[in-house]
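Colleague: I'm new to this one. Could you show it to me and explain how the labels are earned?

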Amino acid sequence: MHVTLVNPPYPKGAHQHPPFTPLGLGYLAAVLEKNQHQVDVIDCQASNLSYEDFKLEISKRQPNMVGLTSTTLTYKSALKIIKIVKQVHPSCLTILGGCHVTFWDNKALQECPQLDLVVRKEGEITIAEVAERFEAGKGFEDILGVTYRNGEKIVRNPDRPYIEDLDSLPFPSHHLWPLENLRKYGNIIFPLMTSRGCVFWCEFCSAVRMFGRGYRMRSAKNVVDEMEYLYKTYGAENFTFYDDAFTVDQPRVEEICRELHERNMKIKWDCGTRVDMVTRDLLQKMKNAGCIAVWFGVEAGSQQVLDEMGKGFTANRTKKAFKMAQEIGLMTIASVVLGFPGETRESAMETIKFIEEINPDDVGYYIATPYPGTPMAENVKKKGWLRVTDFDKYDTATPIFELPTLSMEEVIEIRENAFHRFYLRPTYIIRMFAKGGTYGFSATKTALAHLIRAIKAKF
């Protein structure tokens, strides 16, 4: 079987994140290669491909199957890509997976007649079975975790149980990606996923609904084996852990740190976690093992909003986590959600002032976005607040719903003001230049962009 995997482009004008190897597709590629299939990749984001560019690329290949992943933001782009695939290769099996269609499977098949099959939740075992059945000319009726088209009928098979032994998965197939296109400030940052699922149940999070309310982990040895493989194969020196909460199991993180010490690799890495899942001792061990930055889910400085989100920690706990990390010498990045249901202008300003108080090295202010599958989305729809149904706008920088306590225009204004207040402090750029490296350059570039925006706004 010849399988082409595709990462669709961002919609025009949408807020974009820097490109990394998409780990979901990387794992699927590795599993398919392990099963002796011929696999190639078209990453429209990494290669900056338009739809016409993609059509030329797919025309050069003769795939039996084309599999795409998509977020909510790239869902409509994925459907356009699927239509192009069917134009060029009418007999090709088209497959779509990812967080969005896991909760939008029936609708996706109804909205796009050219789409043949949706893979829900984890796809590694599922995609291998789909390839095997399709190659043998058989149907998909006994494959768990798929929703597919059978003539005029849409069939939704039962969910597949989660993969418990994550060590059994092969390492993602980075060799299929145009790695030079992923270089930023002279470095390629290699992403790793060391766990799936979460023990928490935040109202706005679709990831926990995708990967389950439980914490499944790779062993420390398996994680560091992958890092060493990337280090030796690609000269990788910069890593980022994609886990939603990397330090939930603190003894395992300590074991990862011990493994890194023993192998003596000259590397740097960062991770994201919760403020109530770190200790001073753990943060020190992480720093000693090469960690340079921690992304904390601050979410809000207002305790009322934190409670509405179902975060399960206090703003005081956030202060302690930042203080510990900063005293140890780690860079700190705060992720913040503005405009969550229950937000007011007063609570938003409380959050902005709180961020200035804890003084992170960088901040991401994201607008609350009601992703399919989340309680927040159900609540927003039920209350009649939803104003935007175009998924091309679901970029965390665009208001999607109107609160009775805060208008969409106010949310935009508050976010802009928050960024300007943070980045345009006289000491900020000096501080970030002093840190140097990828994060220093990135934060400095962001600060300068906001300075330009502030100047334009004045005139």
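Modeller: Sure. A strand here is a DSSP run of E with at least two residues, and strands are numbered from the N terminus. Thr-147 sits in one of them, β6. Bear in mind that the model is predicted.

Colleague: Why is Thr-147 called buried?

Modeller: Buried means under 20% relative accessible area. Thr-147 has 0%, so it counts as buried.

Colleague: What makes the pairing of Thr-147 and Arg-120 a polar contact?

Modeller: The cut-off for a pair of N or O atoms is 3.5 Å. The two side chains come to 2.8 Å, so the pair passes. Arg-120 is also on the list of residues that Thr-147 touches, which includes Asp-105, Asn-106, Leu-109 and Ile-154.

Colleague: Which parts of the chain cover the buried residues of α6?

Modeller: The cover includes β6 itself, along with α1 (23-34), β3 (65-69), β4 (93-97), β5 (117-119) and β10. Underneath are the buried residues of α6, among them Ile-127, Ala-128, Val-130 and Ala-131.

Colleague: How do you know that the length of α6 is close to what's expected?

Modeller: The expected span is 1.5 Å times one less than the number of residues. With 12 residues, α6 should span 16 Å, and from first C-alpha to last it reaches 17 Å. Just past the helix, Gly-137 has a positive phi of about 75°.

Colleague: And how does the span of α9 compare with the expected one?

Modeller: Helix α9 runs over residues 250-263, and its 14 residues reach 20 Å, close to the expected 20 Å. After α9 comes Asn-264, with a positive phi near 55°.

Colleague: What happens at the start of α9?

Modeller: There, Asp-249 brings a side-chain oxygen to within 3.0 Å of the backbone nitrogen of Arg-252. The limit is 3.5 Å, so this pair of atoms counts as a polar contact. Arg-252 is among the buried residues of α9, as are Val-253, Ile-256 and Leu-260. Their cover includes β10 (195-196), β11 (216-217), α8 (220-234), β13 (268-273) and α10 (280-288).

Colleague: Last one: which classes of residue line the second largest pocket?

Modeller: Nine lining residues are nonpolar, seven polar and three charged. Of the 19 that line this pocket, Pro-9, Tyr-10, Gln-16, Asn-48 and Leu-49 lie nearest its centre. Tyr and Pro are both on the nonpolar list, so Pro-9 and Tyr-10 fall in that class. The pocket's volume is about 450 Å³.

Terms used: Residues numbered from 1 in each chain as written. Predicted model: local features only at pLDDT ≥ 70, side-chain atom pairs only at ≥ 80, totals over all residues. Heavy atoms only, no water. Helix = DSSP H or I, 4+ residues; strand = E, 2+ residues; numbered from the N terminus. Buried < 20%, exposed > 50% of the residue type's maximum accessible area, 1.4 Å probe, protein only. Contact = heavy atoms within 4.5 Å. Polar contact = N/O pair within 3.5 Å; in protein donor to acceptor, adjacent residues only side chain to side chain. 1 Å grid on protein atoms, 1.4 Å probe; cavity = no way out; pocket = protein on both sides within 12 Å on 5 of 7 lines; lining within 4 Å. Points joined across faces, edges and corners; volume = space filled by probe spheres on them. Lists of a residue's contacts leave out its neighbours within four places in sequence.
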